[in-house]
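Colleague: I would like a close look at one part of this model before I plan my reading of the rest. Could you pick one short stretch and walk me through what surrounds it?

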Amino acid sequence: SRRLSIAQVTQNSVLLAILGAISGLILTVLGLATGVLPRLVPSVPTPLIILAIVGLPSAILNSFFSGILQGMQRIRTVNVITFLQSILTLGLTILLVIGLGWGLRGAVIGAVGTSLGVTALLGWQVWRAGGRLRPRYNQTALRQTLAFGLRGYVGNLLQFFNYRLDLFIVGILLGPSAVGIYTVAVALAELLWHLPNAVSFVIFPKASATRAEDMNRLTPRIFALTLGITCLGGGVMALLGRQLIQTIYSDLFLPAYLPLLALLPGVVLLGGGKVLTNEIAGRGFVHYNSVNAGLALVLTVIFDLLLIPRWGVLGASLASTIAYSAIFFTAVIFYRSVSRDGGAKSPEKQP
């Protein structure tokens, strides 16, 4: 929205990344020392957790630098780097896991190495755009970014648990084999989110830099088209899902097909909801999405505890569909309210 220069945003982002990495490191050490972290992820060796933490600073910087380029609407640049990241990840995984036989350790090293390489590419692009990579305290930049970011962070944190809390509950109640079955169902269902995620990635900065009246005309068309295409994709996945599971994962994972079918309605609806939630956030009403995510998380916990003991992995899928549907309908309500106000009351657009 051009209230801060690229240099100010970049310096502020580097400062926050350093503070975030230090905080994450402290929390990880405390989790390992108290035994809480090994209990949360009992099947992950502690040395691999420590190795993964090496990539934490670059992961945070990658998020910030990508966000800066996204805000400048340099979508092609971000897409090219994301594509290169996938190629590098694949190449390092083949080299370290298959070529050198390092197994899981090689996969983690490859992921960390890829993250560091992407940090260099993103940092170079941000620097070329006018960014300054040396951290610097700027009260105005810090206040404005935190005022917006903390309200959105609550929603992002709650949404993370909406997406992944059921995996933890399935693991606790049903064991690791059930987690494997459910993960396959989730992985295939979430393939439908590639288009909504791409649209949302573009519409977020677009809504921030565009007049509310113009977005009121543009967003409903984008929303309807995205939801329609995602719905068609859901139908194709329902028809071909069983064959995909057999081909990619083998017959051992065929029990994932029914949970996949149960997930599809919620995934399709949330695909359309992503367009609306990012448009709402772009207008400055990011706190609405936090409220929405909090409501969905409550539903996730309630229905996971009710349905998983009774129906196993299928119950987890049904609980997720209920939560995702709630996000969709609540997002529609919030969007109607925001678009009716015209965005004029946005807390981020006041002088």
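**A loop and the helices around it**

Modeller: Happy to! Let's start with Gln73, which sits in the loop between α4 and α5. Helix here means a DSSP run of H or I with at least four residues, strands being E runs of at least two, and numbering goes from the N terminus. Please keep in mind that this is a predicted model, where local features need pLDDT of at least 70, side-chain atom pairs count only at pLDDT 80 or more, and totals for chains, interfaces and linings use all residues. Residues are numbered from 1 along each chain as its sequence is written, and side-chain values use heavy atoms, with hydrogens and water left out.

Gln73 is not a glycine, although its phi is positive at about 60°. This residue comes after α4. Its relative accessibility is 37%, so Gln73 counts as partly exposed; buried means under 20% relative accessible area, exposed means over 50%, and partly exposed is in between, using a 1.4 Å probe and protein chains only.

On one side of the loop is α4. With 16 residues at 1.5 Å a residue, α4 should span 22 Å, and the 23 Å between its end C-alpha atoms agrees with that. The expected span is 1.5 Å times one less than the number of residues in the helix. The buried residues of α4 are Ser58, Ile60, Leu61, Asn62, Phe65, Ser66, Ile68, Leu69 and Gln70. They pack against α1, α5, α6 and α9.

Ser58 is a good place to zoom in on α4. At 4% relative accessibility, Ser58 is classed as buried. Setting aside residues up to four places away in sequence, Ser58 touches Ser115, Leu116 and Thr119, where contact means heavy atoms within 4.5 Å. Ser115 belongs to helix α6, and its 11% relative accessibility makes Ser115 buried. Seen from Ser115, the contacts beyond four places in sequence are Gly55, Ser58, Ala59 and Asn62. Ile203 is another story: its C-alpha is 26 Å from that of Ser58, and the two are 145 residues apart along the chain.

On the other side of the loop is α5, which covers residues 75-99. Its 25 residues reach 35 Å from first C-alpha to last, close to the expected 36 Å. The buried residues of α5 are Ile75, Val78, Ile81 and Leu96. Among the elements covering them are α4 (56-71), α6 (103-128) and α9 (194-209). Ser86 is also in α5, but at 44% relative accessibility Ser86 counts as partly exposed. From Ser86 to Ile6 is 27 Å, C-alpha to C-alpha, with their positions 80 residues apart in sequence. Just after α5, Gly101 takes a positive phi of about 70°.

Now to α1, one of the helices packing against the buried residues of α4. Two packed helices are described by the angle between their axes and the distance between the axes. The axes of α1 (residues 6-34) and α7 (residues 139-174) come within 10 Å and cross at roughly 70°. Axes are lines fitted to C-alpha atoms, for helices over the stretch in contact, and angles run from 0 to 180 degrees between N-to-C directions. α1 is therefore roughly perpendicular to α7; that label covers 65 to 115 degrees, while under 35 is roughly parallel, over 145 roughly antiparallel and the rest oblique. Gln8, Asn12 and Leu16 of α1 meet Ala141, Leu142, Thr145 and Leu146 of α7. These contact residues divide into four nonpolar, three polar and no charged, with Ala, Val, Leu, Ile, Met, Phe, Trp, Tyr, Cys and Pro as nonpolar, Asp, Glu, Lys and Arg as charged, and the others, Gly among them, as polar.

Finally, the cores. A nonpolar core is a set of buried Ala, Val, Leu, Ile, Met, Phe, Trp, Tyr and Cys residues joined through side-chain atoms within 4.5 Å. The largest has 48 residues, of which Tyr182, Ile245, Leu260 and Tyr324 touch the most other members. A second, separate core of 13 residues includes Val14, Ala21, Phe65 and Ile68. Phe65 and Ile68 bring us back to the buried residues of α4, the helix that is followed by Gln73.
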